[in-house]
Amino acid sequence: MPILDLYEHGDHRKNLAHFATLASLAAIDGEINSEERAILEKFAFKLDITEDEIKEVMKKENKYPIETPHSGEKRYQRLFDFFQIIFSDHDIDDQERRMVEKYAIGLGFSPKKASHIIDKSIAIFKGKIAFEDYHEIVKRQD
């Protein structure tokens with residue numbers, strides 16, 4: 001039974017799905033190297049993934065497909081959820097950024113669009129949003 005089937009609903013299932021996607025992305029070029037493993041362990045901690053769940057996801061026979069939502073809003077929602085997790089420690093490092101870029105591309109964004117979205121998202125989550133962006137967000141609420 002796939003590990004994702006153990007969780008019907010809820011945040012943990014969503015976090016486990018995020019982790020499984022990241023593990024699939026890390027393994028896309030073959031073996032997961034030590035740098036990729038370290039970043040996956042960091043994400044596992046942030047996502048509250050247990051050691052047993054990590055082992056299950058990392059098994060070679062478990063290939064989790066990257067679920068690409070058809071709706072643009074759902075793609076943005078997944079990235080938003082993911083950024084909330086990443087910024088649980090109030091920071092994003094270079095390795096995490098590279099993984100997020102892979103994740104965004106896996107969700108269906110072009111590399112250029114993914115980079116742009118990630119730059120804006122980092123600025124927003126770091127509280128360094130430009131006035132124009134702030135104004136556009138607030139203006140939509142009118």
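Here is a short conversation about the predicted model shown above.

Visitor: How many helices and strands does the protein have?
Guide: Happy to start there! From the N terminus on, the elements run α-α-α-α-α-α-α. The count is therefore 7 helices and 0 strands.

Visitor: What percentage of the 142 residues of the protein count as buried?
Guide: The cut-off to keep in mind is that buried means under 20% relative accessible area. The protein exposes about 9,100 Å², and carbon and sulfur atoms supply 52% of that area. Of the 142 residues, the buried share is 37%.

Visitor: Is Asp81 buried or exposed?
Guide: Asp81 sits in helix 4, which covers residues 72-86. Leaving aside residues up to four places away in sequence, Asp81 touches Lys14 and His18. Its relative accessibility is 12%, and the cut-off for burial is under 20%. Asp81 therefore counts as buried.

Visitor: How far apart are the C-alpha atoms of Asp81 and Lys14?
Guide: Good pair to pick, since Lys14 is one of the residues that Asp81 touches. Along the chain the two are 67 residues apart. Their C-alpha atoms are separated by 9.2 Å.

Visitor: Which span should the 15 residues of helix 4 have, at 1.5 Å a residue?
Guide: The expected span is 1.5 Å times one less than the number of residues. In the model, the end C-alpha atoms of helix 4 are 21 Å apart, which agrees with the expectation. So the span asked for is 21 Å.

Visitor: What covers the buried residues of helix 4?
Guide: The buried residues of this helix are Arg75, Leu79, Asp81, Phe82, Phe83, Ile85 and Ile86. Their cover includes helix 1 (11-26), helix 2 (34-47), helix 5 and helix 6 (111-125).

Visitor: Which helix gives the most to the largest nonpolar core?
Guide: In soluble globular proteins, nonpolar side chains tend to be buried together. Here the largest nonpolar core has 34 residues, and Phe19, Leu22, Leu40, Phe43, Leu79 and Val100 touch the most other members. Two or more residues come from each of helix 1, helix 2, helix 3 (51-58), helix 4, helix 5 and helix 6. The one that gives the most, with 7 residues, is helix 1.

Visitor: Where does Glu96 lie, and is Glu96 buried or exposed?
Guide: Glu96 lies in helix 5, residues 94-106. Not counting residues up to four places away in sequence, Glu96 touches Ile39, Lys42, Phe43, Lys46, Ile86 and Asp91. Because its relative accessibility is 1%, this helix 5 residue counts as buried.

Terms used
Residues numbered from 1 in each chain as written. Predicted model: local features only at pLDDT ≥ 70, side-chain atom pairs only at ≥ 80, totals over all residues. Heavy atoms only, no water. Helix = DSSP H or I, 4+ residues; strand = E, 2+ residues; numbered from the N terminus. Buried < 20%, exposed > 50% of the residue type's maximum accessible area, 1.4 Å probe, protein only. Contact = heavy atoms within 4.5 Å. Areas by Shrake-Rupley, 256 points an atom, 1.4 Å probe, with all protein chains shown as cover. Core = buried A, V, L, I, M, F, W, Y, C linked by side-chain atoms within 4.5 Å.
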